[in-house]
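Okay, thanks for coming, everyone. Let me put the thing up on the screen and then walk you through it piece by piece.

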Amino acid sequence: MTEPLRILVVEDEALILMQIEMMLEEAGHSVVGTAMTAGEAIALVHETRPELVLIDLRLGDGSSGLDVAHAVRDLGGITAAFMTANARALSDDMAGATAVIAKPFTGTVLEESLAYLEDCVRRPPPDALVPAGMRVAPAWLASFAQMRA
Amino acid sequence: MEQPDAWHQTDQLDAAPGKGDPFAAAVRATRMAMIITNPRLPDNPIVYVNDAFLRMSGYTRSEVLGHNCRFLQGAQTDHGAVALIREAVEARTDIAIDILNYRKDGTPFWNALYLSPVADESGEVLFFFASQLDVTDRVDAHMQIQQEKDRFEAEVAKRTRDLTDALATQTMLVHEVDHRVKNNLQMIAALLAMQTRAITDPAARAAMEAMLTRVEALGTVHRRLYQSNNVERFDVAEFARDLANDLVRGSGRDRIRLHLDLETVEIPVAKAPPVALMMNELITNALKHAFPDDRPGRLSVTVAPDGTHVTIKIADDGVGMPVQAMEQRSFGKRLIGTLCRQLNASIAWMTNDPGTIVSIRLPREMAGGLEAP
């Protein structure tokens, strides 16, 4: 790993949030913030300018991770990925996010997904394999293919 | 419409016009209401009316003669039907149409009108001949049937709507429950993963890791189930691919090559969790025992349909199963044995020379269930 990624984690389930945080830190990344609602998350995106945002689709206070992804897209230059038990609810454009990781994920899938997203941020196009349960947005796949060409 | 030469037929009768004319007599006497209008006069007035028409309409002859037929129309008469008749008159063509007319006393009746132009040799239309038949009973019956049909269709549409709504609600509930199941499995895995990190005792830690792997295998079942569009069948092959890849890569054992030989076999969803747990135990077991001291090797997973059964084979080319391990009453072994009973499966442990092959054979369908599609 070249340099730890600065990551914002948006997840309203305390246990899952803790697990993701723990795994990110074990992998040597830096968690610059955690949010449980879309409002919190959008404020933190502006405040911390992370390199990667991991977003749950259903958030606290009935808010939606889609709003977070839209804010990230509008800001530009930040990679976003959804982590959700409702991956099928996402349309192909994924609100501009790069990928969706389906819950429940195994520890291995989370590690491999992170390796892929790290490639996306640090050295696109990504070389890492796409693990089972992770789906990359078609628009991003196309742009990665263009980079490789 | 009348044939062009049909009017010659009357010549052959050699009958005098007036009272002796058999055609005029027939028109006068028939029970079919008939009128003749003259389109060459202003407003195409009635110039002849028979007694049947007077009986049907309730008017006297003097009230009818010299007037246009429109006095038969009333409040509920369809404007479209009137327009069609007017167009036929203007085009000098014939028309047959059911139209709602009114008697002198104001009572409505359905009139099966037949209107036809009568032309001379030069083709000029001299008269219109119209016959009228009271078909109120027929139209009423027809309309009643139509109303019944409309009512029935409305009822069916309403029931369909209700059922569609109920189904949508049910689907939403299933998705909600599914979402919660998956989130809960993720939470259990999170708890186990975090607790495991805090344990220093290697045996306790290994037990916790084994538990985490089992929970993750169940999680993978649920992820796969709702990734497919079929919520009743579960593809063992696709699951095996995800599970074996995850376990081998997660083991950090780069020198173990995974070989997959997978053919699609669908089993009922109810069988998915025990099948998943069984495969998880066998693959984990092989990874743990077959390749000690970072020994390189090959692990192969086969899923194949076998008539009404499915065969799952886990084979390694490792050190072989030590006799003690075979007979050990470990938790993993007990779990495999009990899962076999639940699945009605047979299991065989064989020497692969070198290594071990575990072969499981289980019925694809539920006991007493349907034949495989």
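So, start with the sheet in chain B: five strands, open, mixed pairing, in the order β7-β9-β10-β12-β11. And a caveat before going further: this is a predicted model. On the rims you've got β7, residues 256-262, and β11, residues 346-351, each of them pairing on one side only. From one strand to the next, the twist averages 10 degrees.

Let's go across the strand pairs. β9(B), residues 297-306, and β10(B), residues 309-316, run antiparallel and are joined by eight bridges. If you want a spot to click on there, try Val301(B), which sits opposite Ile314(B) of β10(B). Next door, β10(B) pairs with β12(B), antiparallel again, over seven bridges. In that pairing, Lys313(B) has Ser359(B) of β12(B) as its bridge partner.

Now Ser359(B) shows up again on the β11(B) side, where Ala348(B) stands opposite it. β11(B) and β12(B) are antiparallel too, with six bridges between them. Another pair to look at is Ile347(B), whose bridge partner in β12(B) is Ile360(B). The two strands form a hairpin with four residues between them, and Asp353(B) in that hairpin takes a positive phi near 50 degrees.

So what about burial? In a regular strand, side chains alternate between the two faces of the sheet. β12(B) does exactly that kind of thing: Thr356(B), Val358(B), Ile360(B) and Leu362(B) point to one face and are buried. Ile357(B), Ser359(B), Arg361(B) and Pro363(B) point to the other face and are not buried. And how many of the six residues of β11(B) are buried? Zero, so to speak: that strand is hardly covered.

What lies across the sheet, then? That's helix α8(B), residues 272-289, which lies across β7, β9, β10 and β12 of chain B and runs at about 15 degrees to β10(B). This helix is mostly covered, with 13 of its 18 residues buried. I also did the quick length check: at 1.5 Å a residue, the 18 residues of α8(B) should span 26 Å, and the end C-alpha atoms are 26 Å apart, so the two agree.

One quick stop elsewhere in chain B, at Arg138(B). You'll find this residue in helix α5(B), residues 136-197. Is Arg138(B) buried or exposed? Somewhere in between: it has 13 C-beta neighbours inside 10 Å, so it counts as partly exposed. Its C-alpha atom is 8.6 Å from that of Trp110(B), which is 28 residues away along the chain.

Okay, over to chain A. Here we have five helices and six strands. Reading along the sequence, the pattern goes β-α-β-α-β-α-β-β-α-β-α. Of the 149 residues in chain A, 52% are buried. For those of you who care about contact order, here's one for you: among contacts in chain A with a separation of 6 or more, 56% come from residues 24 or more positions apart.

Last part, how the two chains meet. The contact takes 18 residues from chain A and 23 residues from chain B. On the chain A side, α1 (14-26) and α4 (107-122) each supply at least two residues. α1(A) gives the most, with five residues. Sort the chain A side by class and you get nine nonpolar, six polar and three charged residues.

Zoom in on α4(A) for a second. This helix packs against α7(B), residues 236-250, at an angle of about 75 degrees, with the axes 9 Å apart. Angles of 65 to 115 degrees count as roughly perpendicular, so that's what we call α4(A) relative to α7(B). Which residues make that contact? From α4(A) it's Gly107(A), Thr108(A), Val109(A) and Glu112(A), and from α7(B) it's Asp246(B), Arg249(B) and Gly250(B). By class, the residues of this contact split into one nonpolar, three polar and three charged.

That's the tour. Happy to rotate the view if anyone wants another look.

How values were computed: Residues are numbered from 1 along each chain as its sequence is written. Chains are lettered from A and ligands numbered from 1 in the order in which they are written. This is a predicted model: local features need pLDDT of at least 70, side-chain atom pairs count only at pLDDT 80 or more; totals for chains, interfaces and linings use all residues. Two residues are in contact if their C-beta atoms, placed from the backbone, lie within 7 Å. Ala, Val, Leu, Ile, Met, Phe, Trp, Tyr, Cys and Pro count as nonpolar, Asp, Glu, Lys and Arg as charged, and the others, Gly among them, as polar. Two strands pair if DSSP finds at least two bridges between them. Axes are lines fitted to C-alpha atoms, for helices over the stretch in contact, and angles run from 0 to 180 degrees between N-to-C directions. A residue is buried if 20 or more other C-beta atoms lie within 10 Å of its own, exposed if 12 or fewer, and partly exposed in between; C-beta atoms are placed from the backbone. The expected span of a helix is 1.5 Å times one less than its number of residues. Angles under 35 degrees count as roughly parallel, over 145 as roughly antiparallel, 65 to 115 as roughly perpendicular and the rest as oblique.
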